[in-house]
Each structure stands twice: as structure tokens, then as C-alpha cells.
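Open the model in your viewer and keep the sequence panel visible. The tour goes from one selection to the next.

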Amino acid sequence: MRDLTSVFRTFARELSLLGYFGHNWDALVDCLHDWHGPGHGNQDLAILIEHADDLLKTDFLGLFVSVLAQAAWNSNLRLDGDGELDEWRQRIAQHFVFLLDHTAPVAFTEKVAGAWTWRWRSRTAGPLSFADKEILSGMTIKAIKLLRDHLGCSIHEALGILQSRSEHLHGEHSHG
């Protein structure tokens, strides 16, 4: 998977994505989000990407990782367009593992860090706004409980979401 065409072709082939797969980043997120769809049942998904060192030579590695993270986020939490839990869909666990042959994991993650931060912040802009008042008021415990209860996640996951959302909101308020 050294170019975009081969990335999309590989995912389409290996996951038997339906004919509507548009061979672009948005389509990949959508198809992974709809993994529960026809022919797939409600199966959890683990993808091993072998020889991931080769991806270090691409200019899309950061975007690729952030797209996979967004797809997993959508499937694992099953939020609808309003940021509410979608009661009609079962949560599906999705995991993506990059198997490295020669590269230290820290070198790999450094390459994707900038794009990951941007994608995380843009993804959390709207659906998590239900806890913004508490976050901006410094009501940390209340915000964590809101995130945990609303998203059905652990306290540790809620804390991570709170930290990212807080950074996003404080950056937004200082710039605008």
C-alpha cells in the first residue's frame, strides 16, 4: 500500500466492500462505519497492516491513520449525526494494528502525530458540545461524568476526551 490507489483497492478487496465504495478517504470511513451492513453482520473487526514501515515513505500516512481512527471511533461509540448514541445500531469494535518490520514504534507515531491532532480536534467540534459548559467552567468531575454517561465509555476514556475537548475549546476561545 504505497499509493492511494493500492490502499483503497486493498481495503475494497480484503473487506469485500460493496460496490458503493468510492475509493476515497470519506468513502473508507463510511464503509468501515457501515461494517455492520449487508453481508457483514455485526462482526467486530481487527485489521493487521503488515510491513507498515513502507507507509513511512508516503505523504498520506498521517491522514491514513487518522481516517482509521475516525472509523473506529464512529463504530465503537455509534454516535449519530447529532452526537447522540445511536440506539438502532450495535456497537462494533474496530482495531487497526500496524506491524513494523524495522522501524521503532515511536518513529512511526511521530510521523502521524500532527495529522492525528488535527483530525481529532476537527472530529470533536460538534458531537461533544453537550459537555462544553462544564468544561469551560472548570467543572471537571461533572464533565467527566457527563461524557461517561452520554457516551457509555470508561472514566479513563472520558478523561482523554475531556482533555482533548478542553484543548480544542480553549484554543477556539483564545483565537476567536
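Start with Leu-100. This is a predicted model, and Leu-100 sits in the loop between strand E2 (94-98) and H4. Its relative accessible area is 25%, so Leu-100 is partly exposed. Now add His-51 to the selection. The two residues are 49 positions apart along the chain, yet their C-alpha atoms are separated by 5.6 Å. Show the neighbours next. Leaving aside residues up to four places away in sequence, Leu-100 touches Ala-52, Asp-53, Pro-105 and Phe-108.

**Into helix H4**

Select Val-112, which is found in helix H4. Is Val-112 buried or exposed? With a relative accessible area of 8%, Val-112 is buried. Beyond residues up to four places away in sequence, Val-112 touches Leu-61, Gly-62 and Val-65. Then pick Leu-63. Val-112 and Leu-63 are 49 residues apart in sequence, and their C-alpha atoms lie 7.6 Å apart in space.

Colour by pLDDT before moving on. Helix H4 (residues 105-123) has the lowest mean pLDDT among the elements of the chain, at 61. The highest mean belongs to H1, at 91. Select residues 115-125. There pLDDT stays under 50, and the model has 21 contacts beyond four places in sequence for this stretch. Where pLDDT is low, the predicted coordinates should not be read in detail. For the chain, the mean pLDDT is 77, and 76% of the residues reach 70 or more.

**The aromatic cluster**

Show the aromatic side chains. How many aromatic pairs does a search of the whole structure find? The search finds seven. Zoom in on Phe-8 and Phe-21. Their ring centres are 6.4 Å apart and their planes meet at 70°, so this pair is edge-to-face. Phe-8 belongs to helix H1 (residues 4-14), and Phe-21 to the loop between H1 and helix H2 (25-33). The pair links distant parts of the chain, 13 residues apart. Both Phe-8 and Phe-21 are buried.

Keep Phe-8 and swap Phe-21 for Trp-25. Here the ring centres of Phe-8 and Trp-25 are 5.0 Å apart and the planes are at 70°, so this pair too is edge-to-face. Phe-8 lies in helix H1 and Trp-25 in helix H2, so the contact between rings ties together parts 17 residues apart in sequence. Phe-8 has 5% relative accessibility and therefore counts as buried. Trp-25, at 15%, also counts as buried.

Now widen the selection to the whole cluster. Ring pairs link Phe-8, Phe-11, Phe-21, Trp-25, Phe-60, Phe-64, Phe-98 and Phe-108. Phe-108 is already familiar from the first stop, as one of the residues that Leu-100 touches.

**The loop after H1**

Select Ser-16, in the loop between H1 and H2. Check the backbone: phi of Ser-16 is near 50°, a positive value in a residue other than glycine. Most residues other than glycine have a negative phi. Step along to His-23, which is also placed in the loop between H1 and H2. His-23 is not a glycine either, but has a positive phi of about 55°. With 41% relative accessibility, His-23 counts as partly exposed.

**A pocket**

Turn on the surface and find the second largest pocket. About 270 Å³ of space lies in it. Which residues lie nearest the centre of the second largest pocket? They are Met-1, Thr-10, Leu-48, Ile-49 and Glu-50, out of 15 lining residues. H1 and strand E1 (45-49) each supply at least two residues of this lining. E1 gives the largest share, four residues. Colour the lining of the second largest pocket by residue type: nine are nonpolar, two polar and four charged.

**Zoom out**

Finish with the whole chain in cartoon view. It has seven helices and two strands. Trace them from the N terminus: the order is α-α-β-α-β-α-α-α-α. Switch to a burial colouring. Of the 176 residues of the chain, 42% count as buried. Last, draw the contacts. Of those with a separation of 6 or more, 61% are between residues 24 or more positions apart.

Key
Residues numbered from 1 in each chain as written. Predicted model: local features only at pLDDT ≥ 70, side-chain atom pairs only at ≥ 80, totals over all residues. Heavy atoms only, no water. Phe/Tyr/Trp six-rings, centres within 6.5 Å; stacked < 30°, edge-to-face > 60°. Buried < 20%, exposed > 50% of the residue type's maximum accessible area, 1.4 Å probe, protein only. pLDDT = per-residue confidence, 0-100. Contact = heavy atoms within 4.5 Å. 1 Å grid on protein atoms, 1.4 Å probe; cavity = no way out; pocket = protein on both sides within 12 Å on 5 of 7 lines; lining within 4 Å. Points joined across faces, edges and corners; volume = space filled by probe spheres on them. Nonpolar A, V, L, I, M, F, W, Y, C, P; charged D, E, K, R; others polar.
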